[in-house]
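Load the model in the viewer and keep the sequence panel open. The stops below are given in the order in which to select them.

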Amino acid sequence: MTATLDRYMTRHPHSIRVDEKLAVAAKLMASLNVRHLPVLDGGTLVGVLSERDLRLATSANIGHLRVRDMCIDDPYSVDVDTSIFVVATAMAEKRIGSALVMEGGKLAGIFTTVDACRALADTLAPPPERSERPTSRDHARPAPAHGIGWRGPAVAVGVAAICGAALLG
């Protein structure tokens, strides 16, 4: 079973209008304790605003800026059925903190570095009864309760890279 975004992403994330004041976005992000807000224009995804984007705006001019002035207007977006391995690898290579998840052409969710770390933790969690890699004779054993089971280093590489990037900066 390949882990997909649907299992770990935040469905129906809070978003903000492209013409909203940046100060409103900053307050919303602080009150929701989030680092990324999808940016919409009439229900259509047009960008993403990150905590980093807010830091780049000086406090002197944040009251005069709009979300459109600071948001990333070509956000990384993927289909809901995309594997976490593909998304985490791309996020690590591009050094980005979120992927906007689309379903039927509409925003369905957001997958962040925190979600990637949760997926990594599930992937690396030992099976309930054994902490070592299964042997060939264990092939008939039922899947672990957490649903992902042993994936070995291949699946964990991309997710580990993104978690490392998240923790380092």
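Which residue in strand 7 is the bridge partner of Leu100? Select Leu100 and look across to strand 7: the partner is Ile110. Helices and strands here are DSSP runs, helices being H or I over at least four residues and strands E over at least two, numbered from the N terminus.

Before going on, note that this is a predicted model, in which local features need pLDDT of at least 70 and side-chain atom pairs count only at pLDDT 80 or more, while totals for chains, interfaces and linings use all residues. Residues are numbered from 1 along each chain as its sequence is written, and side-chain values use heavy atoms, with hydrogens and water left out.

**Whole chain**

Show the chain as a cartoon. Seven helices and seven strands appear, and from the N terminus on they run α-β-β-α-β-β-α-α-β-α-β-β-α-α. Of the 169 residues, 39% are buried, where buried means under 20% relative accessible area, exposed over 50% and partly exposed in between, with a 1.4 Å probe and protein chains only. Among contacts (heavy atoms within 4.5 Å) between residues at least 6 apart in sequence, 59% join residues at least 24 apart.

**The four-stranded sheet**

Select residues 98–103 and 106–112, which are strand 6 and strand 7. These strands run antiparallel and are joined by six bridges; two strands count as paired if DSSP finds at least two bridges between them. Strands of a sheet pair through backbone hydrogen bonds, either parallel or antiparallel.

Add strand 5 (77–79). Strand 5 pairs with strand 6 in the parallel sense over three bridges, and Val78 has Val101 as its bridge partner in strand 6. Five of the six residues of strand 6 are buried.

With strand 1 (10–11) added, the open sheet of four strands is in view, in the order 1-7-6-5 and with mixed pairing. Strand 1 and strand 5 are its edges, each pairing on one side only.

Now select helix 5 (residues 84–94), which lies across strand 5, strand 6 and strand 7 and runs at about 70 degrees to strand 7. Axes are lines fitted to C-alpha atoms, for helices over the stretch in contact, and angles run from 0 to 180 degrees between N-to-C directions. Helix 6 (residues 113–124) also packs on the sheet, touching strand 1 and strand 7; the direction of helix 6 makes about 65 degrees with that of strand 7.

**The three-stranded sheet**

Move to the open sheet with the order 2-3-4, three strands in mixed pairing. Its edge strands are strand 2 and strand 4 (44–50). Strand 2 and strand 3 pair in the parallel sense over two bridges, and Ile16 has Val39 as its bridge partner in strand 3.

Select Ser15, in the loop between strand 1 and strand 2. Ser15 is partly exposed at 28% relative accessible area. Not counting residues up to four places away in sequence, Ser15 touches Leu28, Leu37, Pro38 and Leu40. The C-alpha atoms of Ser15 and Leu49 are 9.2 Å apart, although 34 residues separate them along the chain.

**Two positive phi values**

Most residues other than glycine have a negative phi. Select His12, in the loop between strand 1 and strand 2: its phi is near 50 degrees, and His12 is exposed at 66% relative accessible area. Then select Asn33, in the loop between helix 2 and strand 3. Asn33 has a positive phi of about 55 degrees and is exposed at 72%.

**The second largest pocket**

Stay on Asn33 and add Val34, Arg35, His36 and Thr112: these lie nearest the centre of the second largest pocket, which is lined by 20 residues. On a 1 Å grid over the protein atoms alone, a pocket is an open set of points where a 1.4 Å probe fits, with protein on both sides within 12 Å along at least five of seven lines; lining residues have an atom within 4 Å of a point.

The volume of this pocket is about 360 Å³, and the lining divides into ten nonpolar, six polar and four charged residues. Elements giving two or more residues to the lining include helix 2 (22–32), strand 3 (36–41) and helix 3 (51–56).

End on Thr112, in strand 7. Thr112 is buried at 14% relative accessibility. Leaving aside neighbours within four places in sequence, Thr112 is in contact with His36, Met91, Gly97 and Ser98.

Notes:
Grid points are joined across faces, edges and corners, and a volume is the space filled by probe spheres set on the points. Ala, Val, Leu, Ile, Met, Phe, Trp, Tyr, Cys and Pro count as nonpolar, Asp, Glu, Lys and Arg as charged, and the others, Gly among them, as polar.
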